[in-house]
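Got the model open in your viewer? Let's walk through it one selection at a time.

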Number of protein chains: 2
Amino acid sequence: MADKQRRKPGETREKLMNAALALVGKGRHFASLGIREVTRQAGVVPTSFYRHFRNMDDLGLQLVDELGLVLRKMMREARANVLQADKLIDESVGIFIAHARNNRSFFMFMAQGLAGESRAVQEGIRSEMRYFASELANDLRRLKLADHLSDADLDMTCDLVVRSVAFSLTDILVISPEDEYQEEQVRKRTARFLQLIFVGAANWKSHPD
Amino acid sequence: MADKQRRKPGETREKLMNAALALVGKGRHFASLGIREVTRQAGVVPTSFYRHFRNMDDLGLQLVDELGLVLRKMMREARANVLQADKLIDESVGIFIAHARNNRSFFMFMAQGLAGESRAVQEGIRSEMRYFASELANDLRRLKLADHLSDADLDMTCDLVVRSVAFSLTDILVISPEDEYQEEQVRKRTARFLQLIFVGAANWKSHPD
DNA sequence: CACATTAGTGAACACTTGTACACATCAGTA
DNA sequence: TACTGATGTGTACAAGTGTTCACTAATGTG
């Protein structure tokens with residue numbers, strides 16, 4: 001019988017999650033993946049799937065958790081690299097796009113999941129986005145960049161920022177990963193969106209007409 | 001044999017498209033639908049499918065075309081009802097949400113398709129959004145509401161507006177259709193997003209800091 | 001070391017899937 | 001009226017599906 005030693009605990013589990021991501025990265029939609037297909041891609045017998053997941057939705061949920069880690073890592077990097085306020089937007093967008101490029105499948109999964117089949121996955125991703133927006137609000141508060149805004153207005157602004165960046169995912173993910181020119185276009189456009197939003201925030205309620 | 005008379009030309013075609021939409025409306029993802037499933041829902045024998053579509057992607061493309069009609073109808077209604085500039089945002093968002101409610105399945109299909117499996121459907125929906133944004137820019141130009149903006153900046157603003165509204169789809173479509181309170185919340189939040197964007201546009205390049 | 005638990009395997013099941021084929025019935029046209 | 005093409009139906013089949021079962025090797029704990 002083919003060697004059965006599980007070298008590390010949770011190795012197969014990881015193989016299955018990576019297999020699902022790989023298929024998503026190849027253009028498949030997560031909702032259309034089947035258990036057999038994923039196990040085949042992972043090089044594992046179909047039965048093994050059930051040792052780690054109850055069904056595909058369950059696997060999706062666990063992918064959302066890992067997605068959370070990726071996002072937090074991205075946030076940490078942004079906090080470490082964005083030192084001057086005037087470069088804040090360009091730097092952040094740059095970091096975001098770099099991560100989207102390096103974790104293409106993950107971000108594809110995220111974009112798919114927002115309107116996906118599983119309500120739980122949907123809610124998980126929305127929750128990640130809310131968390132991200134609230135952390136962004138905290139940062140801006142800490143940097144004293146939005147003192148004139150009420151908490152609610154700052155939250156709204158950050159919500160809109162996160163949504164706009166998230167929507168840019170659909171821009172990045174349709175262009176080929178090597179097409180640096182198009183990537184640069186998306187980068188510029190996303191940055192201008194954020195500038196527009198921040199100009200709005202800066203003048204919010206002060207010159208609302 | 002069951003009666004075979006096709007009462008109207010293209011009746012089965014319509015039945016199949018409606019069946020796919022109905023399944024999407026029930027929470028299924030378009031990418032996970034199969035030919036047999038759709039024909040079953042339509043009350044039609046599987047073979048009939050091939051008389052009208054080459055495969056599910058083809059059906060999706062034709063749905064995008066119909067989606068275009070829905071969007072244009074919405075745009076017409078907005079143009080007819082939005083008479084005063086100061087009510088522009090609230091009225092438009094209201095009309096959008098009303099249409100999203102009345103064509104729930106269609107808009108679900110749209111939200112799904114943005115990160116869907118078929119590149120062609122994806123491009124079709126993005127194209128509809130671009131058209132929508134450019135029409136919005138024309139309207140604003142005509143109403144002299146954005147004279148201080150360059151064409152490029154106005155286009156960017158409208159692009160961001162359309163994206164923000166489109167993203168609100170994911171908010172509307174997760175709440176139950178009867179939950180009027182939550183719907184009102186989404187309505188308010190979307191309107192505030194747009195206000196923020198327009199404040200940004202109004203101050204764009206005039207007081208950018 | 002003995003033993004319970006975990007994580008792997010292969011065979012089998014009942015069912016669904018996409019697609020092909022031959023055939024039937026309608027609508028329109030020459 | 002006879003023909004033609006479009007649209008509908010039923011049957012068939014090979015391939016793929018999710019899931020269960022009994023079995024086995026490795027791991028960690030007493």
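Start with both chains selected and superpose them: chain A lands on chain B with an RMSD of 0.1 Å after a turn of 180° and a shift of 0.0 Å along the axis (least squares on C-alpha atoms of residues with pLDDT of at least 70 in both copies). The two copies are thus related as by a two-fold rotation axis. To find that axis, pick A:Gly200, whose C-alpha is the nearest to it in chain A, at 1.7 Å.

A word on what you're looking at: this is a predicted model, where local features need pLDDT of at least 70, side-chain atom pairs count only at pLDDT 80 or more, and totals for chains, interfaces and linings use all residues. Residues are numbered from 1 along each chain as its sequence is written, chains are lettered from A and ligands numbered from 1 in the order written, and side-chain values use heavy atoms, with hydrogens and water left out.

Now hide chain B and color chain A by secondary structure. You'll see nine helices and zero strands (DSSP runs, H or I of at least four residues for helices, E of at least two for strands, numbered from the N terminus). The C-alpha trace spans about 75 × 35 × 30 Å along its principal axes. Of the 209 residues in chain A, 51% are buried (under 20% relative accessible area, 1.4 Å probe, protein chains only).

Bring chain B back and select the interface. 42 residues of chain A are in contact with 42 of chain B (heavy atoms within 4.5 Å). The copies meet through the same surface, because 100% of chain A's interface residues are also interface residues in chain B. The area buried between them is about 3,800 Å², with carbon and sulfur atoms giving 63% (accessible area lost on putting the two parts together, 1.4 Å probe, summed over both). Show A:Arg163, A:Phe167 and A:Leu196 as sticks: in chain A these lose the most area to chain B, together 19% of what that side buries.

Next, zoom in on B:Arg163 and A:Asp171, whose side chains meet in a salt bridge at 2.7 Å, N to O (the cut-off is a Lys or Arg side-chain nitrogen within 4 Å of an Asp or Glu carboxyl oxygen). How many salt bridges does the rule find across the interface? Ten.

Last stop: which elements give two or more residues to chain A's side? Select α6 (104-113), α7 (119-142), α8 (151-172) and α9 (180-202) of chain A. α8(A) gives the most, with twelve residues.

Terms used
Buried means under 20% relative accessible area, exposed over 50%, partly exposed in between (1.4 Å probe, protein chains only).
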